[in-house]
Amino acid sequence: MIDLTQFTYPFGYVYFNETLVWKPVAFAYSFLISGADLFILAAIAYFTRRMTDWIPIFLITGLSFFSVVLLGPLADSLEPHRAWRVMLTPHIFSSMKYPGISVMALYGGVLWPITSILGALATLIYMSNKNPKYSFLKADEAKYEKLSSYLKIIFIALITFSLMWSIYPSTLLVNQTWIWSWRNWGMLPALFFIETFITATASAIIIGNIFKKKHDKLLLFIHSLAAFALAFLLIIQMVFWSFQVRGTNYTAIYSLYPLFALACLIFIITATLSIKAMNTYKGLTFIGIAALTGVIINKWNVIINGQLISRTGIGKVDLHLHGWWFFETLAPIAMGVLVFLFLSSIYPLRDESYETDK
């Protein structure tokens, strides 16, 4: 006989109309948010005078990814032609008609344009200063030096806004949804931050290898540290859930464990190979691809499979995707690649020498 009290207040509810709300396209823009962490890497390189040869790659790739990040949620909305309202009339403050604050409007209508403008300014000023012949700015060397003085302020502001982006949309998943796996995952923002950093470093490693950049041990160290940290967080979370649901009916969370274990294995492998590559600089493309594969597996498990767990936390729902979901998911990422190809044609990255800032 079934104990019906487990489905009623205060033990839980049964939601008969559960559907997949965050489609696979959500993976696309959570991937593109790594552009924010590439801005952070550029700022770290600029202030520490390390990886300065990589700053152009960080900035151009970061701007390419981040400039198209809103294409994901707009493609997922029912009325994308009304997207201009998000920019011009964002619901930021609470009112009688619209109580509460819209986090999505805050990010889409305020934080995205500010971060994009700061990233574009940093890219334009830095690249113009290093390569005046490719500059849109018709200025002499003295003016370039004057513009460069503003870079520190821009990079500091860019770090602040990029940090806010690097944990998005995990803040929404934890606080503003009723998905059982998300609501019971307090470490999800930390996981998203590290995962976004891995995406940024892995993308930079692959692109840098393509453009024959001199590799820097600091970048590989950051990548390995992030990969080890993410594997550790996933293991800790699985152990915590195991204790939390032990002796209860909320065992649907175990369905996420196989892919989490696979992702952990991949992250540990790519972290180990990164440490080894610090001396040999071999296998860098494989390291980057393996890391992105782990990110894809983990993001799918968190965003898609996490939603398949019933709101009650007891059972699972079936996954139903429309026929064009794969191309819809790739479209925003493909747009980011096209923007990168355009920007890298303006500021050629291959065989360019960028001297260290004085």
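Helices (H or I, at least four residues) and strands (E, at least two) are DSSP runs, numbered from the N terminus. The model is predicted: local features need pLDDT of at least 70, side-chain atom pairs count only at pLDDT 80 or more, and totals for chains, interfaces and linings use all residues. Residues are numbered from 1 along each chain as its sequence is written, and side-chain values use heavy atoms, with hydrogens and water left out.

**Exercise 1. The nonpolar patch**

Task: Find which residues make the nonpolar surface patch, and place Leu341.

Solution.
- Start with the rule. Patch residues have over 30% relative accessible area and no salt bridge; like charges are joined within 9 Å, nonpolar side chains (Val, Leu, Ile, Met, Phe, Trp, Tyr) within 5 Å. Accessible areas come from the Shrake-Rupley method with a 1.4 Å probe, and for residues only the protein chains shown count as cover.
- Leu71, Met335, Val337, Leu338 and Leu341 make a patch of about 430 Å².
- Helix α15 (residues 325-346) gives the largest share, four residues.
- Leu341 lies in α15. Its relative accessible area is 49%, so Leu341 is partly exposed (buried means under 20%, exposed over 50%, partly exposed in between; 1.4 Å probe, protein chains only).

**Exercise 2. The salt bridge**

Task: How many salt bridges does a search of the whole structure find? Describe the partners and their surroundings.

Solution.
- Apply the cut-off: a side-chain nitrogen of Lys or Arg within 4 Å of a carboxyl oxygen of Asp or Glu.
- The search of the whole structure finds one.
- Lys299 and Glu195 are joined by a salt bridge between their side chains, 2.9 Å from N to O. The pair links distant parts of the chain: Lys299 is in helix α14, Glu195 in helix α11, 104 residues apart.
- Check burial. Lys299 is buried, at 1% relative accessible area. Glu195 is buried too, at 1%.
- List the contacts of Glu195 (heavy atoms within 4.5 Å). Beyond its neighbours within four places in sequence, Glu195 touches Leu230, Val295, Asn298 and Lys299.

**Exercise 3. Helix α13**

Task: Test the span of α13 (residues 257-280). Then say what covers its buried residues.

Solution.
- The expected span is 1.5 Å times one less than the number of residues.
- With 24 residues, α13 should span 34 Å; its end C-alpha atoms are 34 Å apart, which agrees.
- Buried residues of α13 include Tyr257, Phe260, Cys264, Phe267 and Met278.
- Their cover includes α11 (188-210), α12 (217-245) and α14 (284-308).
- Just after α13, Tyr281 takes a positive phi of about 55°.

**Exercise 4. The core**

Task: Which residues have the most contacts inside the largest nonpolar core?

Solution.
- Such a core is a set of buried Ala, Val, Leu, Ile, Met, Phe, Trp, Tyr and Cys residues joined through side-chain atoms within 4.5 Å.
- The largest has 108 residues; Phe58, Phe155, Trp165, Leu188, Ile198, Leu234 and Phe267 have the most contacts inside it. Helix α12 supplies the largest share of this core, 13 residues.
- Leaving aside neighbours within four places in sequence, Phe155 contacts Ala42, Ala43, Tyr46, Phe47, Leu59 and Ala122.

**Exercise 5. Backbone exceptions**

Task: Locate Arg49, Met51 and the cis peptide bond.

Solution.
- Recall the norm: most residues other than glycine have a negative phi, and most peptide bonds are trans.
- Arg49 has a positive phi of about 60°, in the loop between α2 (34-48) and α3 (55-66). Arg49 is partly exposed, at 33%.
- Met51 sits in the loop between α2 and α3, with phi near 60°. Met51 is buried, at 3%.
- Tyr168 and Pro169 are joined by a cis peptide bond, omega about 5°. Pro169 falls in the loop between α8 (151-166) and α9 (170-175).

Terms used:
Contact means heavy atoms within 4.5 Å.
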